[in-house]
Amino acid sequence: MSPQVDPFVEHFRASAQYIHAHRGRTFVIMFGGEAVASKDLRTLLFDVALLHSLGVRIVLVAGARPQIDDALARRGQEPRFVGELRVTDEVALECVKEAVGATRVELEALLSMGMPNSPMAGARLRVATGNFVIAQPIGVVDGVDYQYTGKPRRVDAEAIRQRLDDDAIVVLTPIGYSATGEAFNISSHDVAAATAIALGADKLIGLLEGQGVLDAEGLPSSQLTPQQAEQLLQSGRDLGHDVERHLAAAIQACRGGVPRAHLVSRQSDGSLLRELFTRDGVGTLVTSETFEGVRPAAQSDIGGILALIEPLAEQGILVRRPREMLENDIDRFTVIERDGMVVACAALYAYPDDSIAELACLVVHPDYRTSGRGDLLLQYLERQSQGKGLRRLFVLTTQTSHWFRERGFDNCDLSDLPAARRSVYDQARRSKILLKPLD
Ligand SMILES: CC(C)(COP(=O)(O)OP(=O)(O)OC[C@H]1O[C@@H](n2cnc3c(N)ncnc32)[C@H](O)[C@@H]1OP(=O)(O)O)[C@@H](O)C(=O)NCCC(=O)NCCS
């Protein structure tokens, strides 16, 4: 019997690969003024400090919408919005300065904490703020003069990089400055997206107020391409302002070259760490680069899938799948399309009662191998499985066991498979069975 492994030790070891992957990377983390006002701000900043200590270069972008509204209310004024956009008159600008100033001080104070016995003990963090965002006024749109509401004109990426090189955490707020010496109120989501693009950040991370991005069935969307995210925004479904603003920023960032945008609900404790250091799909990943071209298969892909599978079935590498079987199972297939051609496919057979799924028929066209497409499909299907609440993935293979073992799968026995799959195991093929836990 193998000795019992302490779950803490197990989790810490499991996070090693992510620690290595994130070191030296630049993350832009955006959150609303609600997070700043919340009692959970401390814990959130402790987690940010932890990320920083692991070598992640961090830019925080804090919103201040409720604080600005409160400052207006104290002056007996109503906030004025046209759609999503605040109209910032002189009084509102005073409120913006007041709210943004207080937010900065609050964040700087908490990030300076170093009390013994606190998670920040010995952290000695540097915080950098400044005139990094150059603004231009929105001006008059459809007859509405937005006055001191602006948009980012340029982000001084070089200056931010210098602060990050100097090991500081950079804090940005929804304000920018113009060449005329004026201050403008800019949406924090616009600041975050523009900054992530200008810096060439590795990730934009949005901390959401609600439950996160949910699909039409109310289940969390584990991954979206910018195109799918845009369709969701245009679907007419009420996603809530917070989700809509974060999704729009994620789309903008991805289209501007940021490889990955993660949208994570900040409501559950440690969700930022879970998203970054475990395979648990707690958030929604919006990404253009890697998952571009990855999509669910349609009946029209059957010819392309057959062309991929048949040569390998001839060689005995894959099980033969007749066309009728593919027609029946097409909903289980995911493909990667390139220039109108199916260049890779994989199928997922879920056994929800056993919280397990089989990854089958993973094939990349020989001309398109060794450029990460196999990995990409595996990651995609892992996140999809997690999104369905599945905890383990298994695969049957005759000649590719090392490829899977190098990606976290381990040999297991027939008895580990769900009964329904066990009963149809082909003894003659003598396939190896490999299993991967998804958390
Ligand atoms: C396995 C397969 C899907 C990988 O696709 P891919 O797009 O080339 O994968 P990636 O680019 O992510 O990974 C490539 C790496 O895997 C390695 N690899 C490929 N086939 C392998 C195998 N059978 N065993 C071990 N490693 C293998 C490559 O050498 C390469 O390693 P490198 O990065 O050190 O050079 C592809 O080789 C394939 O279609 N094989 C035939 C079908 C098959 O065996 N499917 C699995 C059964 S379900």
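Strand 22 and strand 23 run antiparallel and are joined by two bridges. Strands, like helices, are DSSP runs numbered from the N terminus (E, at least two residues for a strand; H or I, at least four residues for a helix). Two strands are said to pair if DSSP finds at least two bridges between them. This is a predicted model, in which local features need pLDDT of at least 70 and side-chain atom pairs count only at pLDDT 80 or more, while totals for chains, interfaces and linings use all residues. Residues are numbered from 1 along each chain as its sequence is written, and side-chain values use heavy atoms, with hydrogens and water left out.

**The seven-stranded sheet**

Strands 22 and 23 belong to an open sheet of seven strands, ordered 17-18-19-20-21-23-22, with mixed pairing. Strand 17 (294–296) and strand 22 (410–411) stand at the edges with a single partner strand each, so one side of each has no neighbour in the sheet. Strands of a sheet pair through backbone hydrogen bonds, in either the parallel or the antiparallel sense. Strand 21 (residues 392–397) and strand 23 (residues 432–437) are paired in the antiparallel sense over six bridges. Three residues with their opposite residues in strand 23 are listed below.

| Residue | Opposite residue in strand 23 |
|---|---|
| Thr397 | Lys432 |
| Leu393 | Lys436 |
| Asn411 | Leu434 |

Helices also pack on this sheet. Helix 12 (residues 302–314) touches strand 18 (333–338), strand 19 (341–351) and strand 20, and its direction makes about 85° with that of strand 19. Contact here means heavy atoms within 4.5 Å. Angles run from 0 to 180 degrees between N-to-C directions, and the axes are lines fitted to C-alpha atoms, for helices over the stretch in contact. Helix 14 lies across strands 17, 18, 19, 20, 21 and 23, running at about 30° to strand 19.

**The ligand**

Of the 21 residues around the ligand, those that come nearest are Leu362, Val364, Thr370, Gly372 and Thr400; a residue is near a molecule if one of its heavy atoms lies within 4 Å of it. Polar contacts are pairs of N or O atoms within 3.5 Å. An oxygen atom of the ligand lies 2.8 Å from a polar backbone atom of Val364, and an oxygen atom of the ligand is 3.3 Å from an N or O atom in the side chain of Arg369. A nitrogen atom of the ligand is 3.2 Å from a backbone N or O atom of Gln399. On its own the ligand has 910 Å² of accessible area, of which the protein covers 71%; such areas come from the Shrake-Rupley method with a 1.4 Å probe.

Strand 20 (356–364), helix 14 (373–387) and helix 15 (401–405) are the elements that give two or more residues to the shell around the ligand. The largest share, four residues, comes from strand 20.

**The eight-stranded sheet**

Another open sheet has eight strands in the order 5-10-2-1-13-15-16-14, again with mixed pairing. Its edges are strand 5 (126–128) and strand 14 (223–224), each with a single partner strand, so one side of each is left without a neighbour in the sheet. Strand 13 (residues 203–208) and strand 15 (residues 260–265) run parallel and are joined by six bridges. Gly206 has Leu263 as its bridge partner in strand 15.

Methods: A polar contact is a pair of N or O atoms within 3.5 Å; within protein, one must be able to donate a hydrogen and the other to accept it, and residues adjacent in sequence count only if both atoms are side-chain atoms.
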